[in-house]
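This report considers a ligand and the protein around it, and then turns to the way the parts of that protein meet. The structure is shown first, and the description follows it.

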Amino acid sequence: MTKKFHCATNSNFPLKGNVKWTSPSNIALVKYWGKRPVQIPANPSLSFTLKNCFTETSIEFEKAEKFSLELYVDGKKNKSFLNKIETFIDRIKEYCPYIFHYHIKIKTTNTFPHSSGIASSASGLSALALCLVSIEKKALNLSDEEFYKKVSFISRLGSGSACRSIYGSIGVWGEHASFNGSSDEYAISFTDISPVFHSYQDTILLVDKGKKEISSTVGHDLMNNHPYSSLRYNQANNHMVQLKNILKSGDLFEFIKLVEKEALTLHSMMMTSDPYFILMKPNTLSIIQKIWEIRAERKLPICITLDAGANVHLLYPNNIKTEVLSVIEKDLIVYCENEQYICDEVGNGPKLIMEHYA
Ligand code: PMV
C-alpha cells in the first residue's frame, strides 16, 4: 500500500458542501493491456484526452453519524451503478477516510450515450475522484500539483485508464525511463508535442453499441498466462520512446504506423489468449479497409485506433476535418449502427464547475 497517499482527517474538514466537476474520456495511442494487483499496469501507456465525451458529476455532502451514499444518474436514482461506486469507495478507504464522515449525494450524467459502447469508466471515475479529493484539497490546503496527482492515483484504483483523464492533451501512465516523473501509480501530463496534436480530431464510428461480451477486467487477466505477453510488453515500452519523438516532430505518417500497429496488436492479444476472443465486428474491418483505401488514394493523414470494443476511432489533423467528415457521410456511415458517430477532439482535461464549503 502506498503510504504517500494516506491522509489524516482533522478539524478543518468542512461540515457540508457541494462540488461539481466535468472530466473527459480518453483514447490510448499506446495501449494498456495486462495488469497486476492492485491496478498496476504491465506496460506504460499514453493517451489523448478527449473534449466532448465527458462526465459531469456533482457531490452534495454533509457530516453524518453514519456514512451513506445516494446516486442519481441522469436525474434518476440508480442502484446498479451504486454497487460499483461502493466497491470503488471501499478500495480507496485508506486514502480518503474523510468520506466516511459524510452523507454524500452523487449526481452524474454523461455527454455521450451510456449504451454507445464508449467506455464511461474513465470519465465517470475520474469525475467522482475529482469531487471527492476536492474536499481534502480544501481541508489540507493541497497544492494543485498534489491534488491532481492524488486524483489520478485514486482514479486509477477505480479504473486503470481513468488516471490518464486528469491531464489535458496527453496523459502518460506507467513507469518509463524516457518520461520523467512517470509512475505505475498515477498518470502525468505530457506537453512536449507539436502544435498539430493540440487540435487533433477523433471521430468515433459507433459500429456496435451493445455491451461488450468480454470485459476489460477479463481481458487484462488473460495477459497473465499469455504466450506473447513479454514480447508485447517490450513492444509497448519501445513504442513509448518512438511515440515521444513522433509527438514532438509532428511526423504524421510515422504516427499513423505506430498508432495502427498498437490498435491491431491489442486485438491480436485478444485473439491469441486462452480462451481467445474477438471484439471487432465485420463492420470494424470494413471501416479499417475503407480508411486504408482512402488514405492510399488521397494521401490523407488519417488512421484508425480501437479500444477494447468494435467501435473505430478515426484520428486526423484538424485541417482535413471537412474532407474527412464528407468521406464519413459518403462511405463510412453505412457501417455505423443507426448511422451514428461522435465528433470529438483532443481536449484540455477536467474542469471545476462549482465548489462551495461550509
Ligand atoms: O482501464 P480499463 O481496465 O478499462 O482498460 C483499458 C484498456 C484499453 O482501453 C484497451 C487500453 C487503454 O490503455 O485505455
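## Polar contacts of the ligand

In this predicted model, a polar atom in the side chain of Ser 159 lies 3.4 Å from an oxygen atom of the ligand. Ser 161 also places a side-chain N or O atom beside the ligand, at 2.7 Å from one of its oxygen atoms, and for Arg 164 the corresponding distance, again from a side-chain N or O atom to an oxygen atom of the ligand, is 2.8 Å. Taken on its own, the ligand has 380 Å² of accessible area, and the protein covers 89% of this.

## The shell around the ligand

The shell holds 13 residues, among which Ala 28, Tyr 32, Ser 161, Arg 164 and His 220 come nearest to the ligand. By residue class, the shell divides into 5 nonpolar, 5 polar and 3 charged residues.

Where does the ligand lie with respect to domain 1 and domain 2? Because both domains give residues to the shell around the ligand, the ligand lies between them.

## Two domains and their interface

The domain assignment gives domain 1 as residues 16–192 + 349–357 and domain 2 as residues 197–345, and the C-alpha centres of these two domains lie 24 Å apart. In the interface, 34 residues of domain 1 are in contact with 45 residues of domain 2.

The area buried between domain 1 and domain 2 is about 3400 Å², with carbon and sulfur atoms giving 66% of it. On the side of domain 1, the residues that lose the most area to domain 2 are Leu 29, Lys 31 and Trp 33, which together make up 24% of what that side buries.

## Polar and charged pairs across the interface

Between domain 1 and domain 2 there are 13 residue pairs in polar contact, counted where both residues have pLDDT 80 or more, and the number of salt bridges between these domains is 2. Lys 51 and Glu 345 form a salt bridge in which the closest N and O atoms are 4.0 Å apart.

Definitions and conventions:
Residues numbered from 1 in each chain as written. Predicted model: local features only at pLDDT ≥ 70, side-chain atom pairs only at ≥ 80, totals over all residues. Heavy atoms only, no water. Near = heavy atom within 4 Å. Polar contact = N/O pair within 3.5 Å; in protein donor to acceptor, adjacent residues only side chain to side chain. Areas by Shrake-Rupley, 256 points an atom, 1.4 Å probe, with all protein chains shown as cover. Nonpolar A, V, L, I, M, F, W, Y, C, P; charged D, E, K, R; others polar. Domains from an automatic or database assignment. Contact = heavy atoms within 4.5 Å. Buried area = accessible area lost by both parts, 1.4 Å probe. Salt bridge = Lys/Arg side-chain N within 4 Å of Asp/Glu carboxyl O.
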